[in-house]
Amino acid sequence: MADLDVLLRNDRYPRSAAYSARWMVDGAMGPNPVWHAEALAEVLPLESGMRVLDLGCGTALSSIFLAKEFDVEVWATDLWVQPHENLIRIAEADVENRVHPVFAEAHALPFAEGFFDALVSIGAYHYFGTDDLYLGYCSAFVKPGGWLGVVQPGLAEEYDVLPPPHLAPYWKWDFCAWHSPGWWRRHWEKTGLVTVELADRLPNGWQDWLQWNEVCDLANGTPDQEEARMLRADAGRALGLTRLVARRTT
Ligand SMILES: C[S@@+](CC[C@H](N)C(=O)[O-])C[C@H]1O[C@@H](n2cnc3c(N)ncnc32)[C@H](O)[C@@H]1O
């Protein structure tokens, strides 16, 4: 098989290039969380010592990346991946002093209000955050003036009817939680609890998502899985990665 590190090379993510492709592929649960943590850090200022909640961290790759790259302290919080599994990865990455694995459901977070300088969520917030009232719950754990940042699968626009016809062969019901940057901006702004600083589609998001899926499929010996075929058929018309950054106002 071709060298995974070569196949996964992507100039848009220079910091991520220092991490092994095999490590990323082995921890895959969705679009590449290391790339997307890097994309978030481009627009969300992280400083040494900041306390960061990584909500829905999965295998904690984004938590490890943020701790190593920005010297922040991260609470790697997840429901489906057990904290002892993440602790093994965290210890192997030598960031046990800065990344704390936590098992929690997103509606029952075991933290003090106002504890975090930033809340980030990569490929996960849409599982619980489309509820009108959720931002009010989770933003309470961030200090006033602190940051919230999300990257997740999304659509270019809101469609009157889902799916758009060309995506019908691939559509799964839970894609209904994928929304456009404009939808997320309004969803957060209408609470009056945050100021949205940025709501965009990641530049080259769908191409990067496809590159990642093709490398994962190849590495797993299962080339050309349905998600890759869907991204290719769509060619960025509807699908991409929605990025959202906001500051808590009150
Ligand atoms: C597609 S995975 C993404 C994981 C990781 N952030 C990544 O990008 O690879 C979605 C994650 O959201 C988390 N999640 C979904 N619903 C959740 C909930 N109600 N409470 C906490 N975490 C949740 C799951 O545990 C899962 O790890």
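Mentor: Before we start, a helix here is a DSSP run of H or I with at least four residues, and helices are numbered from the N terminus. Please also keep in mind that this is a predicted model.

Trainee: In which helix is Leu 218 found?
Mentor: Leu 218 belongs to a run of residues from 205 to 219. With that numbering, the helix in which Leu 218 is found is α8.

Trainee: Is Leu 218 buried, partly exposed or exposed?
Mentor: Buried would need under 20% relative accessible area, and exposed would need over 50%. The relative accessible area of Leu 218 is 35%, which means that Leu 218 counts as partly exposed.

Trainee: How many Å apart in space are Leu 218 and Ala 2?
Mentor: Along the sequence, Leu 218 and Ala 2 are 216 residues apart. In space, going from C-alpha to C-alpha, the separation of Leu 218 and Ala 2 is 9.3 Å.

Trainee: Where does the ligand sit, and how many residues surround it?
Mentor: The ligand is found in the largest pocket. Among the residues around the ligand, the closest are Gly 56, Asp 78, Glu 105, Ala 106 and Ile 122. The place asked for is thus the largest pocket, and the number of residues surrounding the ligand is 16.

Trainee: How many residues of the shell around the ligand are nonpolar?
Mentor: The shell divides into three groups, of which the charged one has two residues and the polar one has three. The remaining group, that of the nonpolar residues, numbers eleven.

Trainee: How many Å separate a polar side-chain atom of Glu 105 from a nitrogen atom of the ligand?
Mentor: A pair of N or O atoms has to lie within 3.5 Å to count as a polar contact. For Glu 105, a polar side-chain atom is separated from a nitrogen atom of the ligand by 2.6 Å.

Trainee: What percentage of the accessible area of the ligand does the protein cover?
Mentor: Two backbone approaches can be set beside that of Glu 105: a backbone N or O atom of Gly 56 is 2.7 Å from a nitrogen atom of the ligand, and a polar backbone atom of Trp 80 is 2.9 Å from an oxygen atom of the ligand. On its own, the ligand has 580 Å² of accessible area, and the share of this that the protein covers is 95%.

Trainee: How many of the ten residues of α4 are buried?
Mentor: The buried residues of α4 include Leu 61, Ile 64, Phe 65 and Phe 70. The helix is described as mostly covered, and the number of its ten residues that are buried is eight.

Trainee: Is Glu 69 buried, partly exposed or exposed?
Mentor: Glu 69 also has its place in helix α4, and its C-alpha atom is separated by 29 Å from that of Trp 178, which lies 109 residues away along the chain. Since the relative accessible area of Glu 69 is 23%, this residue is partly exposed.

Trainee: Which residue with a positive phi follows α4?
Mentor: The place to look is the loop between α4 (61-70) and β2 (73-78). A residue there has a phi of about 55° although it is not a glycine, and it is partly exposed, with a relative accessible area of 35%. The residue that follows α4 is Asp 71.

Trainee: Is Asp 94 buried or exposed?
Mentor: Asp 94 has its place in the loop between α5 (83-92) and β3 (99-103), and its phi is positive too, near 65°. A relative accessible area over 50% is called exposed. Asp 94 has a value of 61%, so it counts as exposed.

Trainee: What is the omega of the cis peptide bond between Leu 162 and Pro 163?
Mentor: Pro 163 is in the loop between β5 (142-155) and α7 (181-189). The bond that joins Leu 162 to Pro 163 is cis, with an omega of about -10°.

Trainee: Is Leu 8 buried or exposed?
Mentor: Leu 8 lies in the loop between α1 (4-7) and α2 (21-26), and from C-alpha to C-alpha it is 9.8 Å from Met 24. Its relative accessible area is 6%, and therefore Leu 8 is buried.

How values were computed: Residues are numbered from 1 along each chain as its sequence is written. This is a predicted model: local features need pLDDT of at least 70, side-chain atom pairs count only at pLDDT 80 or more; totals for chains, interfaces and linings use all residues. Side-chain values use heavy atoms; hydrogens and water are left out. A residue is near a molecule or strand if one of its heavy atoms lies within 4 Å of it. A polar contact is a pair of N or O atoms within 3.5 Å; within protein, one must be able to donate a hydrogen and the other to accept it, and residues adjacent in sequence count only if both atoms are side-chain atoms. Accessible areas come from the Shrake-Rupley method with a 1.4 Å probe; for residues, only the protein chains shown count as cover. On a 1 Å grid over the protein atoms alone, a cavity is a set of points where a 1.4 Å probe fits but cannot get out, and a pocket is an open set with protein on both sides within 12 Å along at least five of seven lines; lining residues have an atom within 4 Å of a point. A molecule sits in a cavity or pocket if more than half of its atoms lie within 2 Å of its grid points. Ala, Val, Leu, Ile, Met, Phe, Trp, Tyr, Cys and Pro count as nonpolar, Asp, Glu, Lys and Arg as charged, and the others, Gly among them, as polar. Helices (H or I, at least four residues) and strands (E, at least two) are DSSP runs, numbered from the N terminus. Buried means under 20% relative accessible area, exposed over 50%, partly exposed in between (1.4 Å probe, protein chains only).
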